[in-house]
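Biologist: Before I rely on the vocabulary used for this structure, I would like each term to be justified against its own criterion. Could we go through it together?

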Amino acid sequence: MPRLFTALELPEDIRDDLADLEMPIPGARFVDTDDLHVTLRFAGDVDNRTANEFADALASIDGEAFITRIAGLGVFGGREAKSIHATVEAGPALERLARANERAARAAGLAPETRAFKPHVTIARLRNPRAEALARFLSRHGAYSSEPFLITHFALISSKPMVGGGPYVVEETYPLAEVSRRSGLAGPA
């Protein structure tokens, strides 16, 4: 029974930049550089039939390549911070791609996602972090912003069944169409 999710893979230089932000925070476990990604749709532990139907539905997505960037860091979890994340700028193409991934999940029989899509990269998981160290990290790095980068595909990724986490395995990649030349940007040749 695989544990699956769909995601955007980040360019190596962006992953390296995010890894360079790492600093000691008691209670923080930073995500391995190779495992940094933007989750589009979490499927969870699914049987093989559902996994195959999900993969087939994903293959029919007709998305367009797009440019995005990292625009700041934050925490999820409110008063009891659970993770540090890098915010990914949402644009129309990313929003359409996330909705298409949701439709593919539902076509495969998965329950609807109840949380709003907030594109982000989890860079650290937190367990009872020291507030001063977390505040110092966010003060130092909270305004981090990356150079714009091109997204040319999305991926179906598996993680450890029942527990999740890396190392992640890319099971399949799905190309996105070249960016329209009218936008002034060209996708991969």
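Modeller: Strand E1 (3-9), strand E3 (37-45), helix H3 (92-107) and strand E7 (120-126) each supply at least two residues of the lining of the largest pocket, where helices (H or I, at least four residues) and strands (E, at least two) are DSSP runs numbered from the N terminus. This is a predicted model, in which local features need pLDDT of at least 70 and side-chain atom pairs pLDDT 80 or more, while totals for chains, interfaces and linings use all residues. Residues are numbered from 1 along each chain as its sequence is written, and side-chain values use heavy atoms, with hydrogens and water left out.

Biologist: What makes a space a pocket and not a cavity, and what volume does the largest pocket have?

Modeller: On a 1 Å grid over the protein atoms alone, a cavity is a set of points where a 1.4 Å probe fits but cannot get out, whereas a pocket is an open set with protein on both sides within 12 Å along at least five of seven lines, and lining residues have an atom within 4 Å of a point. The largest pocket has a volume of about 930 Å³, a volume being the space filled by probe spheres set on the points, which are joined across faces, edges and corners. Of its 30 lining residues, the closest to the centre are Thr-39, Phe-42, Arg-115, His-120 and Thr-122. E3 gives the most to the lining, with 5 residues.

Biologist: How many residues of each class are in the lining of the largest pocket?

Modeller: The lining has 11 nonpolar, 8 polar and 11 charged residues, with Ala, Val, Leu, Ile, Met, Phe, Trp, Tyr, Cys and Pro counted as nonpolar, Asp, Glu, Lys and Arg as charged, and the others, Gly among them, as polar.

Biologist: Why are E2 and E5 said to stand at the edges of their sheet?

Modeller: Two strands pair if DSSP finds at least two bridges between them, and E2 and E7, which run antiparallel, are joined by 3 bridges. The open sheet of 4 strands has the order E2-E7-E6-E5, with antiparallel pairing. Strand E2 (28-30) and strand E5 (70-76) each have a single partner strand, so one side of each is left without a neighbour in the sheet.

Biologist: Which strands stand at the edges of the sheet with the order E3-E1-E9-E10?

Modeller: That open sheet of 4 strands also has antiparallel pairing. E3 and strand E10 (169-175) stand at its edges, because each has a single partner strand. Within this sheet, 5 bridges join E1 to strand E9 (residues 153-159), and the bridge partner of Arg-3 in E9 is Ser-159.

Biologist: How do you know that H2 touches H3, and which residues make the contact?

Modeller: Contact means heavy atoms within 4.5 Å, and the contact is made by Phe-54, Ala-57 and Leu-58 of H2 and Asn-101, Ala-104, Ala-105 and Ala-107 of H3. These residues divide into 6 nonpolar, 1 polar and no charged. The axes of helix H2 (residues 48-59) and H3 come within 8 Å and cross at roughly 145 degrees, axes being lines fitted to C-alpha atoms, for helices over the stretch in contact, with angles from 0 to 180 degrees between N-to-C directions.

Biologist: Which strands does H2 lie across, and what does Ala-55 contact?

Modeller: H2 lies across E1, E3, E9 and E10, running at about 170 degrees to E9. Ala-55 has its place in helix H2 and, leaving aside neighbours within four places in sequence, is in contact with Leu-156 and Tyr-174.
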